[in-house]
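Biologist: I'm new to this one, so could you walk me through it? Let me have a look first.

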Amino acid sequence: MRGSSSLKPALTLLAIDQGTTGTRAILFDRSGRPVARAYRELTQHFPKPGWVEHDPEEIWRSTLLVVRDALAKARLRAAALAAVGITNQRETTILWDRRSGRPVHRAIVWQDRRTAELCRQMKSLEPYLQRVTGLVLDPYFSGPKVAWLLRHDPAIARAARQGRLAFGTVDSWLLWRLTGGKVHATDVTNASRTLLLELKSSRWYSPILKAFGIPQSLLPEVLPSSGRFGVTAKVGPLPAGIPVTGIAGDQQAALFGQGCVEPGEAKNTYGTGCFLLMQTGTKPVLSSHGLIATAACGADGRPAFALEGSVFIGGAAIQWLRDGLGLIRSAAETERIARSVADTGGVYMVPAFVGLGAPYWRPEARGLICGLTRGTGRAHLVRAALEGIAYQSQELLQAMERATGFKLRSLKVDGGAVKNNFLMKFQADLSGVPVIRPRIIETTALGAAQLAGLGVGFWSVKDLARMRSADRIFRPGWSAARRRAAMAGWTSAIRRAL
Ligand code: ADP
């Protein structure tokens with residue numbers, strides 16, 4: 001550890017993974033193995049329909065607590081930390097007072113839809129925003145949330161005009177607190193989720209700031225995801241002087257942690273929804289298929305770009321089978337049930353409960369189950385629900401291939417539903433590429449640790465490559481004709497849902 005007075009080399013990296021439902025700390029040893037973990041749930045506030053908030057002070061407190069717990073479990077002194085990496089729920093927006101360091105509002109969480117009206121009013125700017133930022137104009141992103149706060153709270157607007165406030169996504173907020181209020185910065189992946197950043201130059205874009213009415217003085221400095229962000233002050237269990245050298249938004253951290261650093265490499269996270277990202281290298285690919293372009297990290301942690309698409313209802317379809325229909329008792333048993341039949345008997349389930357996302361973008365579409373016969377049973381429906389997750393993911397992968405011209409060679413996977421071996425094998429068959437499930441499933445935290453490790457010289461690019469090992473590889477077994485026929489069946493079901 002450079003600049004340290006300790007003679008013993010620091011042997012551990014701390015990753016802080018601040019997610020929507022909770023905060024996690026994981027300590028990684030030099031070989032990249034997780035040696036201790038701690039987790040705390042986070043209170044969700046729903047002050048009005050469609051609104052979702054977090055308490056920034058609780059985010060901070062929970063962070064210190066999980067760091068303390070993880071260190072205690074590993075019986076490690078904080079001085080043994082080589083560096084800190086941060087990964088976080090993206091787009092969630094915090095404003096705080098620069099002098100007191102206190103938030104002036106609860107964090108507006110990415111899921112919050114309060115800015116829908118504001119986005120509608122600005123609709124005519126969408127093509128322009130898309131060209132500059134790579135994003136679609138949607139309440140999801142941070143810029144509209146900041147604009148909303150400035151428009152709805154005169155005290156906040158005044159303080160902002162006087163330069164007294166700081167804006168940050170959760171990474172910036174944690175960095176500010178970790179450094180004792182010394183550093184107001186963010187990384188390029190988080191910055192690319194604001195609708196305020198010019199994607200290709202990684203700079204805040206003043207015409208857009210003007211359009212949203214956001215003063216430049218609010219904004220953090222934008223830095224590469226791997227490199228020196230600052231050093232810790234003495235806070236909670238942490239001593240002064242530990243470098244913070246890696247920051248990335250959760251999906252980009254997972255992309256990096258999965259080793260998707262060459263153009264065309266992709267990962268899919270199967271959770272409540274699915275998040276697909278494809279690395280596109282040093283040039284952003286602006287897509288017309290409803291995919292978004294976003295900042296990501298290249299092999300050496302330096303800025304690169306990715307295409308991103310999401311499936312709104314992924315594992316949530318399985319929750320619906322359990323809680324809505326009472327068809328199953330647990331998500332885990334779907335694997336056995338799906339395997340008990342040879343196929344779905346022609347049944348398709350399109351879980352468009354909240355409309356269809358990329359590549360269709362039809363919010364008014366609704367779900368359907370089609371192809372029912374007298375012979376359709378519970379197992380066929382369960383199987384159709386699992387297959388529906390894979391079909392939706394495959395549509396996104398195809399849209400990404402079309403947009404980039406890259407041919408997918410394998411798919412890295414993570415998230416809660418990858419435990420389902422049937423789903424993984426079906427995805428491999430349908431996509432025609434090996435589906436690779438890693439041994440270390442905390443790919444988000446691992447990615448943040450790796451970025452920090454690279455940034456502080458704890459690991460080399462070669463070290464990172466050695467850390468990536470597969471738990472299981474699902475090989476594709478279908479002919480191209482069979483894949484095409486399966487997709488054609490799905491597409492005709494989708495047409496009915498539209
Ligand atoms: P999130 O991070 O979005 O909360 P997780 O990554 O924890 O989600 O994954 C949970 C989701 O995965 C749930 O929607 C659940 O239905 C689904 N899931 C969990 N285990 C299985 C399984 N064995 N088969 C299919 N789906 C599963």
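Biologist: Let's start with Arg383: is Arg383 buried or exposed?

Modeller: Keep in mind that this is a predicted model. The cut-off for buried is under 20% relative accessible area. Arg383 comes in at 11%, so Arg383 counts as buried.

Biologist: Which side chain does Arg383 meet in a salt bridge?

Modeller: Look along helix 12, residues 378-404, where Arg383 sits. Four residues away, about one turn of the helix, lies another residue of helix 12. The two side chains meet at 3.1 Å, N to O, and the partner of Arg383 is Glu387.

Biologist: And Glu387, is that residue buried or exposed?

Modeller: Same test again: under 20% is what buried takes. Glu387 has a relative accessibility of 6%, so Glu387 is buried.

Biologist: How far is Ala342 from Arg383 in space?

Modeller: Ala342 belongs to the loop between helix 11 (334-339) and strand 19 (348-350). In sequence, Ala342 and Arg383 are 41 residues apart. From C-alpha to C-alpha, the distance in space is 9.5 Å.

Biologist: Is Ala342 buried or exposed?

Modeller: For exposed, the relative accessible area has to be over 50%. Ala342 has 73%, so Ala342 is exposed.

Biologist: Which residue does Arg113 pair with in a salt bridge?

Modeller: Start from the loop between strand 7 (107-108) and helix 2 (116-121), where you'll find Arg113. The partner is 25 residues away, in the loop between helix 3 (126-133) and helix 4 (142-152), so hop over there. The pair links distant parts of the chain. At 3.2 Å, N to O, the side chain that Arg113 meets is that of Asp138.

Biologist: Of that pair, which residue counts as buried?

Modeller: Arg113 has 40% relative accessibility, so that one is partly exposed. Its partner has 18%, under the 20% cut-off. The buried one is therefore Asp138.

Biologist: What about Lys123, which side chain does Lys123 meet?

Modeller: Lys123 is partly exposed, at 45% relative accessibility. The residue across from Lys123 counts as buried, at 13%. Their side chains form a salt bridge of 2.6 Å, N to O, and the partner is Glu126.

Biologist: Which residues are linked in a network of salt bridges?

Modeller: Here you need to look past single pairs. The residues linked in this network are Arg90, Glu91, Arg193, Asp250 and Glu308.

Biologist: Last one: how many salt bridges does the count come to?

Modeller: A pair is counted when a side-chain nitrogen of Lys or Arg is within 4 Å of a carboxyl oxygen of Asp or Glu. Arg383 and Glu387 are one such pair, at 3.1 Å. By this rule the count comes to 28.

Key
Residues numbered from 1 in each chain as written. Predicted model: local features only at pLDDT ≥ 70, side-chain atom pairs only at ≥ 80, totals over all residues. Heavy atoms only, no water. Helix = DSSP H or I, 4+ residues; strand = E, 2+ residues; numbered from the N terminus. Buried < 20%, exposed > 50% of the residue type's maximum accessible area, 1.4 Å probe, protein only.
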